[in-house]
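Thanks for making the time. I will go through one model this morning, starting with a single residue and then moving to pockets, a helix pair and a few backbone details.

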Amino acid sequence: MKETLSSAETLAAAEQAALTKTKLGTRKTLVLAALAGAYIAIGGTLSLLVGYGFAQAAAGNPGLQKLLSGAMFPLGLILVVLAGAELFTGNNAVLIPGALGRRYPWKAVARNWALVYLGNFAGALLFAYFFVYLTGVAASEPWNEAIRNIALAKVSMPWHVVLLKGIGANWLVCLAVWLGMCSRGAAGKILGLWFPVMCFVAIGYEHSIANMFFIPLGMMQGAEVGWGEFIGRNLIPATLGNVAGGAVFVGGLYWYVYGTGKAKE
């Protein structure tokens, strides 16, 4: 048996996985979504602690913090894929081919995205509050200042910049999911998931589910950011960008090329 699937086989695997997702009950979907939100928060915590834990070294090496944070964050998506959970951003791509191929209605996509988004939000918030804020994991310096600055920076960008960064983030995240599906072995899946996610974090793109952890945690730690700012200036444009990045650039285009809607040669 070959170790990797072809592009067409990966698309078929995505359609089959999506069909299973659309048939999952509401309670199970919400539980798996909450787990995914927590897993992304775990990756975010590791990324924060390691990435900002070498302040003196990073002061003279501007790329070091980006590299370290990027190298740690993929743990979240690795847990989502290998342990099994429902992540909104990954589903932005995975559910598109089957819907375009009319294997299930678009309302099934909307239902899954809505439930998973809410579950992701709950999981990320609960982990941030109970396992980071209450435990004081990021209460000391330099992490306390770092998370407050992260929250402020994320709500200070122009709306269109967050939107574009959201597209870039989920283009890479969904490519990571795609690479994870095309490999049959655990090691191949981990490598496929790691590189694109590391890339989006190091570049500084905006991932809506990660921001459900980073910005509220910064607010808990004292950042002067309100819920209206968080949602209006970051979460909404990041989410819209994520949907476009995953649904168009990965799910849609790969269905167009390798699915029933493939381009004429």
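Start with N144 and what it touches. Setting aside neighbours within four places in sequence, N144 is in contact with A138, A139 and Q221. This is a predicted model, so keep that in mind throughout. N144 is found in helix α9, which covers residues 143–154. Is N144 buried or exposed? Its relative accessible area is 12%, under the 20% cut-off, so N144 counts as buried.

Just before that helix there is a backbone feature. E141 and P142 are joined by a cis peptide bond, with omega at about 10°. P142 has its place in the loop between α8 and α9.

Now the pockets. As background, rolling a probe the size of a water molecule over the atoms shows where empty space is left. The largest pocket here has a volume of about 550 Å³. It is lined by 27 residues, and those closest to its centre are Y52, Q65, I150, K154 and V201. Which helix gives the largest share of that lining? That is α9, with six residues. At least two lining residues each come from α2 (26–51), α4 (62–72), α9, α11 (186–203) and α12 (208–220). By class, the lining of the largest pocket divides into 15 nonpolar, seven polar and five charged residues.

The second largest pocket has a volume of about 290 Å³. Its lining has 17 residues, with K21, V81, A85, V177 and M181 the closest to the centre. Here the helices that each supply at least two lining residues are α1 (7–22), α5 (75–84), α6 (88–94) and α10 (159–182). The most comes from α5, at four residues. In the lining of this second largest pocket, ten residues are nonpolar, four are polar and three are charged.

On to closed space. How many cavities of 30 Å³ or more does the structure hold? The count is one. The largest cavity has a volume of about 40 Å³. Its lining is made up of I40, F73, L77, L87, V173, V197, F200 and H207. Seven of these lining residues are nonpolar, one is polar, and no charged residue is present.

V173, from that cavity lining, also turns up in a pair with F195. The two are 22 residues apart in sequence, and their C-alpha atoms are 9.6 Å apart in space. F195 is found in helix α11. At 47% relative accessibility, F195 counts as partly exposed, because that class runs between 20% and 50%.

F200 is another lining residue of the cavity, and it brings us to Y205. Leaving aside neighbours within four places in sequence, Y205 is in contact with K165, G168, A169, L172 and F200. Y205 lies in the loop between α11 and α12. Its relative accessibility is 27%, so Y205 counts as partly exposed. Y205 and L164 are 41 residues apart in sequence, with 8.3 Å between them in space, C-alpha to C-alpha.

Next, a helix pair. Helix α8 (residues 106–133) packs with α12 at an angle of about 35°, and their axes are 9 Å apart. The crossing of α8 past α12 is right-handed. On the α8 side, the contact is made by Y117, N120, F121, A124, L125, F127, A128, Y129, V132 and Y133. On the α12 side, the residues are S208, I209, M212, F213, P216, L217 and M220. What classes make up this contact of α8 with α12? It has 15 nonpolar residues, two polar and no charged ones.

One last backbone item sits on the other side of α8. R102 lies in the loop between α7 (96–100) and α8. R102 is not a glycine, yet it has a positive phi of about 60°. With a relative accessibility of 77%, R102 counts as exposed, because the cut-off for that class is over 50%.

To go back over the space in the model: the largest pocket is at about 550 Å³, the second largest at about 290 Å³, and the largest cavity at about 40 Å³. The largest pocket draws its largest lining share from α9, and N144, where we began, is found in that helix. I will take comments now.

Conventions:
Residues numbered from 1 in each chain as written. Predicted model: local features only at pLDDT ≥ 70, side-chain atom pairs only at ≥ 80, totals over all residues. Heavy atoms only, no water. Buried < 20%, exposed > 50% of the residue type's maximum accessible area, 1.4 Å probe, protein only. Contact = heavy atoms within 4.5 Å. 1 Å grid on protein atoms, 1.4 Å probe; cavity = no way out; pocket = protein on both sides within 12 Å on 5 of 7 lines; lining within 4 Å. Points joined across faces, edges and corners; volume = space filled by probe spheres on them. Nonpolar A, V, L, I, M, F, W, Y, C, P; charged D, E, K, R; others polar. Axes fitted to C-alpha atoms, helices over the stretch in contact; angles between N-to-C directions. Left-handed = near helix turned anticlockwise from the far one by under 90°.
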